[in-house]
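Let's take a friendly walk through one part of this model, moving from strand to strand. Keep the structure open beside the text as you read.

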Amino acid sequence: MRNSTDTPSCPWYSWHGGARHAISAAALCGVLLAVATACGDPGTKPRSGGAAGNGNPAVSGSSRPPTASGVPGVGYTSGVPGVGERMGRQIPDDTRQLVVVYGDDRDSAEGMAVLYEKQGAQWKQSASWPSHNGRRGWTTDHRLDDERSPVGVFSLTDAGGTLRSPGTRLPYWYDDHAYAASVVDPDDEAHAHDFDHVIAINYNRLKGTPPYDWSRPEGVEKGGGIWLHLDHGDGTSACVTVPEAGIRTLLGTLDPADHPMVVMGDRDRLND
């Protein structure tokens, strides 16, 4: 096993995407996985990835910049299309990069991921991609193995993968073994490249650690190991997936100095 941190800056188990996965045969404890793969259903074929673009059907009709009243608590708007007051207030003032994942609805695994960057006081869309999330949709109370992605606002501080960094300012932990999920069929091509590159979503995890670190500050029952990673064409255990073009763009763009965050959930709850 090779392990290195490609930018400045193992536990043997990863509670990845809300489902437990043995990372090494040496650490197996006889746990049988109910899910055959980390984030998908075996037998599905990868969907061709969408290239980065400026169109965003997920939030069409929401691009008019909102205005604030200037009165605290009155007329507040986040300035981010499709993101309402409740969610918008959770975005730190010093954040200048946002990934917003617009789920189609609360029980859907389909969505759209959009990268925004702040220019002056305005959020400008840089790119968008089709995305997948938990195969059962979204939840505001994520639990281990519920197959739903957590709704919320989370920081993005750490990356890694089974391949070396393609170039990123985020701390990047390369390991050609630690990200490998236990799968029934190790030759399953649909999931062979899921974890080539991942970006950890800071839900129930310790910042500044490898994405595969299995520490769970809020307890194991709250799940964890939720990542942005390569799309495999269908829903996940709880992760969010985008095409390879999206992962590479995000890795090449996200900068710790801009305090990147992800805002994610179904469109109704994002707009609260």
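A good place to begin is a single pair of residues: Tyr-102 has Gly-265 of strand E15 as its bridge partner. Please bear in mind that the model is predicted.

That pair belongs to a longer run of bridges. Strand E4, residues 97–103, pairs with E15 in the parallel sense, and 6 bridges join the two. E15 has another pairing, with strand E9 (residues 152–155); here the strands run antiparallel, with 4 bridges. Within that pairing, Phe-154 finds its bridge partner in Val-262 of E15.

Is E15 enclosed or open to its surroundings? Of its 6 residues, 6 are buried, so the strand is largely enclosed by the rest of the structure.

Now look just ahead of E15 in the sequence. Asp-255 sits in the loop that links helix H2 (244–253) to strand E15 (261–266). Despite its place in a loop, Asp-255 counts as buried because its relative accessible area is 18%, under the 20% cut-off. Setting aside neighbours within four places in sequence, the residues in contact with Asp-255 are Gln-97, Arg-169 and Pro-260.

Pro-260 turns up again around Ser-155, a residue of strand E9. Beyond residues up to four places away in sequence, Ser-155 touches Pro-260 and Met-261, along with Ala-200, Ile-201, Asn-202 and Lys-207. With Asn-202 there is also a polar contact, side chain to side chain, at 2.7 Å. Ser-155 is buried too, with a relative accessible area of 11%.

One of the residues that Ser-155 touches, Ala-200, leads on to a further set of strands. Ala-200 stands opposite Trp-227 in E13. Strand E12 (residues 198–200) and strand E13 (residues 227–230) are antiparallel partners over 3 bridges. E13 also pairs with strand E14 (residues 240–242), this time in the parallel sense and again over 3 bridges. There, Leu-228 has Val-240 of E14 as its bridge partner.

The strand pairings can be set side by side:

| Strands | Sense | Bridges |
|---|---|---|
| E4 and E15 | parallel | 6 bridges |
| E9 and E15 | antiparallel | 4 bridges |
| E12 and E13 | antiparallel | 3 bridges |
| E13 and E14 | parallel | 3 bridges |

As you follow these strands on screen, one general point may help: in a regular strand, side chains alternate between the two faces of the sheet.

Conventions:
Residues are numbered from 1 along each chain as its sequence is written. This is a predicted model: local features need pLDDT of at least 70, side-chain atom pairs count only at pLDDT 80 or more; totals for chains, interfaces and linings use all residues. Side-chain values use heavy atoms; hydrogens and water are left out. Buried means under 20% relative accessible area, exposed over 50%, partly exposed in between (1.4 Å probe, protein chains only). Contact means heavy atoms within 4.5 Å. Two strands pair if DSSP finds at least two bridges between them. A polar contact is a pair of N or O atoms within 3.5 Å; within protein, one must be able to donate a hydrogen and the other to accept it, and residues adjacent in sequence count only if both atoms are side-chain atoms.
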